[in-house]
Amino acid sequence: METSEAGTRGGTRDLARVLGFTDIVGIVVGSVIGSGIFIVPAAIAYAVRSPVLVLAVWLVGGALTFFGALCVAELGGMFPQAGGTYVYLREAYGPLLAFLFGWTLFLVIDSGAAATLASAFATKYLPHFVTLSPLGTKLVTVAFIVVLTVVNVLGVRHGANLQNLLTGIKLVAVLAVAGLIFAFADGRPENFVAPPPEPLSLDLVGGFGAALIACLWAYKGWEAASYSTGELRDPQRNLFRGLLAGSALVALAYVATNLAYLWVFPTETIASSQRIAADALSASIGPVGASVIALLILLSIFGAANSVVLTAPRVYYAMANDGVFFKAAARVHPRFLTPHVAIVVMGVWTAVLALSGTFEQLFAYVVFGQWVFLGLTVGAVLVLRRRRPEMPRPVRVWGFPATPIVFLAGVVYIAGSALATGFWNAVAGLGLILLGVPVYLVWRRRAARPPAPGA
């Protein structure tokens with residue numbers, strides 16, 4: 001049973017403030033490091049061709065992530081409530097835009113992410129160790145979702161402890177893989193500098209941009225830590241410190257891993273590899289390297305999925321308290337002090353998506369929308385500085401206004417690239433988002449309706 005600073009609000013029990021700095025770091029690192037670092041390096045090497053530019057892409061991606069985290073930390077200090085991004089969008093732009101974010105998060109973004117991770121666990125990486133029938137694959141996929149749902153219903157402390165354990169193992173393992181490659185592989189120092197970057201040109205700028213898009217996909221997920229602000233002790237201080245420390249650890253792990261890849265292979269080889277991590281580790285410790293990487297990816301996937309289940313239902317809880325989601329989702333379990341209904345609803349919908357096989361296409365549709373919402377979230381710092389200058393800001397963005405503006409420039413470029421390269425997917429994604437407008441109007445009408453006599 002959770003012990004906390006929980007209280008009551010309008011007859012409804014609040015969430016338990018039991019999370020601390022370490023838990024936010026665990027959420028950030030666990031959310032971000034999934035399978036991206038094992039897949040994305042090939043795309044980045046293909047786009048820029050030079051090891052100097054490969055490392056520059058990862059450093060720029062880390063810097064942009066750091067800038068975004070600073071902005072979210074300021075917003076979290078102003079509004080230390082459950083729901084994070086949903087709350088910031090509501091306060092800066094109004095309830096409709098905030099609802100559309102939460103609607104898309106539930107319909108596709110986080111439920112689709114969890115479904116993708118569950119499916120990848122059962123279909124792509126577990127078969128490296130165990131042969132599964134089609135029925136067995138579906139059972140493992142559902143069991144994966146059920147286990148995470150149950151753990152997180154039983155208490156935010158249980159979910160956070162699992163997250164911290166998986167994150168710790170994952171971070172140590174990623175750095176250990178890099179260390180093993182440096183220690184035992186026959187490396188070539190010239191791989192770090194050759195070939196040199198090509199002369200500045202439009203093609204080079206375009207390639208760097210394409211690489212940065214892939215890189216920031218691997219960095220994505222840190223913003224989910226804000227969803228759990230309502231369960232954070234000393235939220236102003238711990239969210240700020242946790243976001244920054246988590247972002248720095250991710251950047252360290254990513255740069256160290258890419259240095260290890262370059263120690264073994266030139267960029268040309270990395271660009272053509274379908275499984276660069278396994279290839280690099282196999283070059284240092286032999287064929288067992290493929291099994292080590294498969295196990296590491298399984299742990300990474302499990303941790304990333306747990307982070308989604310740990311954080312996303314807090315958005316639906318906040319929406320329900322605003323009267324724009326299922327009313328029951330605002331319930332807090334009297335013993336476990338978790339938004340248990342919101343967690344279960346998300347688990348059920350995630351299982352439906354996973355079993356239907358529709359999640360991959362739906363997820364592709366909303367990539368453009370995800371970046372739009374992230375840009376609007378960071379832009380909320382600029383909006384609220386102007387509209388509500390009197391509000392207390394325990395944390396202020398360093399380098400304001402340059403920090404949010406630089407981040408927004410990156411988001412505009414990424415969103416524009418997603419629109420240019422997948423126009424109809426972006427249109428379909430915007431259509432899914434806008435389908436939330438009539439849903440919002442229905443819920444607002446229901447929330448405004450006076451209760452029935454005797455209710």
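Biologist: Which helix holds S307?

Modeller: S307 sits in helix α12, residues 288-311. Keep in mind that this is a predicted model.

Biologist: Why does S307 count as buried?

Modeller: Buried means under 20% relative accessible area. S307 has a relative accessibility of 1%, so S307 counts as buried.

Biologist: What does S307 touch, not counting residues up to four places away in sequence?

Modeller: I27, G30, S31 and Q163.

Biologist: On to the cysteines. How many disulfides does a search of the whole structure find?

Modeller: Zero. Take C71: the nearest cysteine sulfur belongs to C215, and that is 18 Å away.

Biologist: Why is the sulfur of C215 without a bond to the one in C71?

Modeller: A disulfide needs the two sulfur atoms within 2.5 Å. The closest cysteine sulfur to that of C215 is the one in C71, and 18 Å is too far, so there is no bond.

Biologist: And are these two cysteines buried or exposed?

Modeller: C71 comes out at 0% relative accessibility, so C71 counts as buried. C215 is buried too, with a relative accessible area of 0%.

Biologist: Let's look at α5 and α16. What makes α5 oblique to α16?

Modeller: The two helices, α5 and α16 (residues 367-387), pack at about 140°, with 11 Å between their axes. Over 145 degrees would count as roughly antiparallel, and 65 to 115 as roughly perpendicular. An angle of about 140° fits neither, so α5 is oblique to α16.

Biologist: Which residues make that contact?

Modeller: From α5 come L97, L100, F101, T104 and I109, while α16 brings Q370, F373 and L376. The crossing of this pair is left-handed.

Biologist: Which residues touch the most other members of the largest nonpolar core?

Modeller: I44, W58, L243 and Y316, out of 158 residues in that core. Helix α5 (residues 95-125) supplies the largest share, with 17 residues.

Biologist: What is Y316 in contact with, leaving aside its neighbours within four places in sequence?

Modeller: Among them are G102, L105, F106 and D110, along with F325, A329, A342 and M346.

Biologist: Which residues of helix α11 are buried?

Modeller: In α11, residues 276-285, they are I276, A277, A278, A280, L281 and S284. Their cover includes α2 (36-48), α7 (156-184), α9 (235-264), α10 (267-272) and α12.

Biologist: What follows α11?

Modeller: G286, with a positive phi near 90°.

Methods
Residues numbered from 1 in each chain as written. Predicted model: local features only at pLDDT ≥ 70, side-chain atom pairs only at ≥ 80, totals over all residues. Heavy atoms only, no water. Core = buried A, V, L, I, M, F, W, Y, C linked by side-chain atoms within 4.5 Å. Buried < 20%, exposed > 50% of the residue type's maximum accessible area, 1.4 Å probe, protein only. Helix = DSSP H or I, 4+ residues; strand = E, 2+ residues; numbered from the N terminus. Contact = heavy atoms within 4.5 Å. Axes fitted to C-alpha atoms, helices over the stretch in contact; angles between N-to-C directions. Parallel < 35°, antiparallel > 145°, perpendicular 65-115°, else oblique. Left-handed = near helix turned anticlockwise from the far one by under 90°.
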